[in-house]
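These are my notebook entries on a single structure. I set down what I looked up, item by item.

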Amino acid sequence: MGSPTFVPAPAGVTRGAPSMPAVAEVGVFVVDTTLPDPLAAPALADLDDFYHRHGFVVLRGLHSTAFLDRVERECGAAQQAVLAGTVSERYGSTQYLDARYLNRTGLGRADLGRADLGRAGQADGVTGPSGRASNGTKPAGADTGIEADAEAYVNYVEHVEELAPAVRAAATHPLMVALLRRLLGADVWMSPSENAGVVFQDARPGRESGYSRIGWHSDWQAMPSLDVWPGCAFTLHVDATSPANGFLRVVPGSHRWATPAPYRNINNVAVPADARPSGGHTDAEPPYEMPLGFEKIPGEIAVYAERGDLLLHDAYLWHSAARATENATTRRHVRAGYYSGDPASYRDQFIKNAAR
Ligand SMILES: O=C(O)CCC(=O)C(=O)O
Ligand SMILES: [Fe+2]
């Protein structure tokens with residue numbers, strides 16, 4: 001066999017040395033923050049085109065190791081504070097949790113705050129109304145039937161930027177905002193702190209977990225009545241992703257399809273009458289219906305991330321997240337939405353459009 005032929009990498013594709021077999025990481029752009037104008041670097045010249053064409057990019061190298069350690073530490077502390085009940089219940093979450101989880105625990109809106117709580121290693125059904133005991137208010141022990149060494153956790157911390165200054169810094173990072181301006185227009189703004197703000201997500205497998213995966217959706221479908229679009233979600237990865245701990249699936253180019261509001265959805269959530277009928281960058285009808293769950297979609301790809309990678313994806317992009325294959329894993333990141341439409345049209349709306 002001859003040596004592999006070197007073919008120049010297409011836009012947004014990084015690969016190893018020419019003499020090595022090609023290693024492609026699609027959509028990954030490496031930024032050098034030591035340059036006077038990092039966004040003007042030739043390495044990022046094709047970024048905008050890739051984003052507009054495919055609906056996502058991964059920016060690598062934006063944050064230092066020390067800064068990422070701070071993000072991790074502060075998010076961990078915020079998680080613990082929600083668990084211990086030492087911060088307002090508004091930092092916890094029930095709205096995003098798996099409905100099966102909520103049913104199992106008997107938790108509802110009244111329990112906002114510490115409802116998003118799992119206990120690693122716990123058998124299905126152990127968390128329950130008695131599972132209130134697993135929310136950190138009582139030491140785990142024989143009376144609860146919970147292993148004393150099982151680690152309790154919450155899957156979500158909402159408005160996490162209010163508890164974690166490093167998250168606020170990441171969410172408003174001048175280079176990221178400058179890039180978002182380039183991609184979305186000069187007037188981009190982030191989901192206000194008093195509303196959605198930034199969400200810390202700790203996806204874990206296991207039946208005790210309220211967030212292990214998410215089915216196909218576009219983020220636009222959760223707020224289809226608002227005129228804040230187009231938008232872009234940023235995800236700053238605390239954990240690298242892989243099949244072992246779960247990963248994002250996307251359908252490149254799907255942001256250009258006119259995706260219907262989720263009138264048919266797996267959660268049987270009513271879509272308001274004032275919802276716009278569809279969201280996307282063109283009027284082109286999607287070539288197939290968005291699946292209700294986790295089905296394979298022709299053309300989908302996995303977007304794996306390294307720790308510190310910043311994913312930017314269009315709010316119209318079809319995406320889902322696969323559950324981990326290894327048990328003792330976490331897939332943690334912080335996420336928020338930036339918008340380019342009318343800020344005055346923003347209000348709280350959350351159509352639970354995705355399978356969990
Ligand atoms: O878990 C993920 O990586 C995806 C989360 C997501 O799509 C969302 O929160 O809208
Ligand atoms: Fe999403």
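The entries below go from a ligand site through the strands around it to a helix and some backbone details.

**Status of the model.** I note at the outset that this is a predicted model.

**Ligand 1.** I looked up which residues surround ligand 1 and found Gln-201, Ala-203, Ile-214, Asp-219, Leu-248, His-319, Ala-321 and Arg-335. By class, I count 4 nonpolar, 2 polar and 2 charged residues in this shell. Two strands, strand 9 (199-203) and strand 17 (319-322), each supply at least two residues of the shell.

**The sheet containing strand 17.** I then followed strand 17 into its sheet. Here 4 strands are arranged in the order 10-17-12-15, forming an open sheet with antiparallel pairing. Strand 10 (214-217) and strand 15 (301-303) are the edge strands; each has a single partner strand, so one side of each lacks a neighbour in the sheet. Direction ignored, I find that neighbouring strands are turned by 30 degrees against each other on average. For strand 10 and strand 17, I recorded an antiparallel pairing over 2 bridges. His-217 stands opposite His-319 of strand 17, and His-319 is also listed in the shell around ligand 1.

**Strand 11.** Is strand 11 enclosed or open to the outside? Of the 7 residues in strand 11 (residues 231-237), 6 are buried, so the strand is largely enclosed by the rest of the structure. I looked up its partners next. Strand 18 (residues 331-339) runs antiparallel to strand 11 and is joined to it by 7 bridges; within this pairing, Phe-234 has Ala-336 as its bridge partner. Strand 16 (residues 310-314) is likewise antiparallel to strand 11, with 5 bridges between them; here Thr-235 has Leu-311 as its bridge partner. I add that Arg-335, a residue around ligand 1, falls within the residue range of strand 18.

**Helix 2.** I checked the span of helix 2 (residues 65-84). Its 20 residues reach 28 Å from the first C-alpha to the last, close to the 28 Å expected at 1.5 Å a residue. The buried residues of the helix are Val-71, Glu-74, Cys-75, Ala-78, Gln-79, Val-82 and Leu-83. Arg-70 also has its place in helix 2. I classed Arg-70 as partly exposed because it has 18 C-beta neighbours inside 10 Å. Its C-alpha atom is separated by 9.0 Å from that of Pro-165, which is 95 residues away along the chain. Just after the helix, Gly-85 takes a positive phi of about 75 degrees.

**Backbone exceptions.** As a reference for this entry, I recall that most residues other than glycine have a negative phi and that most peptide bonds are trans. I found a cis peptide bond from Trp-229 to Pro-230, with omega near 0 degrees. Pro-230 is in the loop between strand 10 and strand 11.

Two residues with positive phi followed. His-159 is not a glycine, yet its phi is positive at about 50 degrees; this residue is in the loop between strand 7 (156-157) and helix 4 (165-171). Asn-268 also has a positive phi, near 50 degrees, and lies in the loop between strand 13 (259-260) and strand 14 (278-279). Which of the labels buried and exposed applies to His-159, and which to Asn-268? His-159 is buried, because 23 other C-beta atoms lie within 10 Å. Asn-268 is exposed, because 8 other C-beta atoms lie within 10 Å.

Note on methods:
Residues are numbered from 1 along each chain as its sequence is written. Chains are lettered from A and ligands numbered from 1 in the order in which they are written. This is a predicted model: local features need pLDDT of at least 70, side-chain atom pairs count only at pLDDT 80 or more; totals for chains, interfaces and linings use all residues. The expected span of a helix is 1.5 Å times one less than its number of residues. A residue is buried if 20 or more other C-beta atoms lie within 10 Å of its own, exposed if 12 or fewer, and partly exposed in between; C-beta atoms are placed from the backbone. A residue is near a molecule or strand if its C-beta atom, placed from the backbone, lies within 6 Å of it. Ala, Val, Leu, Ile, Met, Phe, Trp, Tyr, Cys and Pro count as nonpolar, Asp, Glu, Lys and Arg as charged, and the others, Gly among them, as polar. Two strands pair if DSSP finds at least two bridges between them. Axes are lines fitted to C-alpha atoms, for helices over the stretch in contact, and angles run from 0 to 180 degrees between N-to-C directions.
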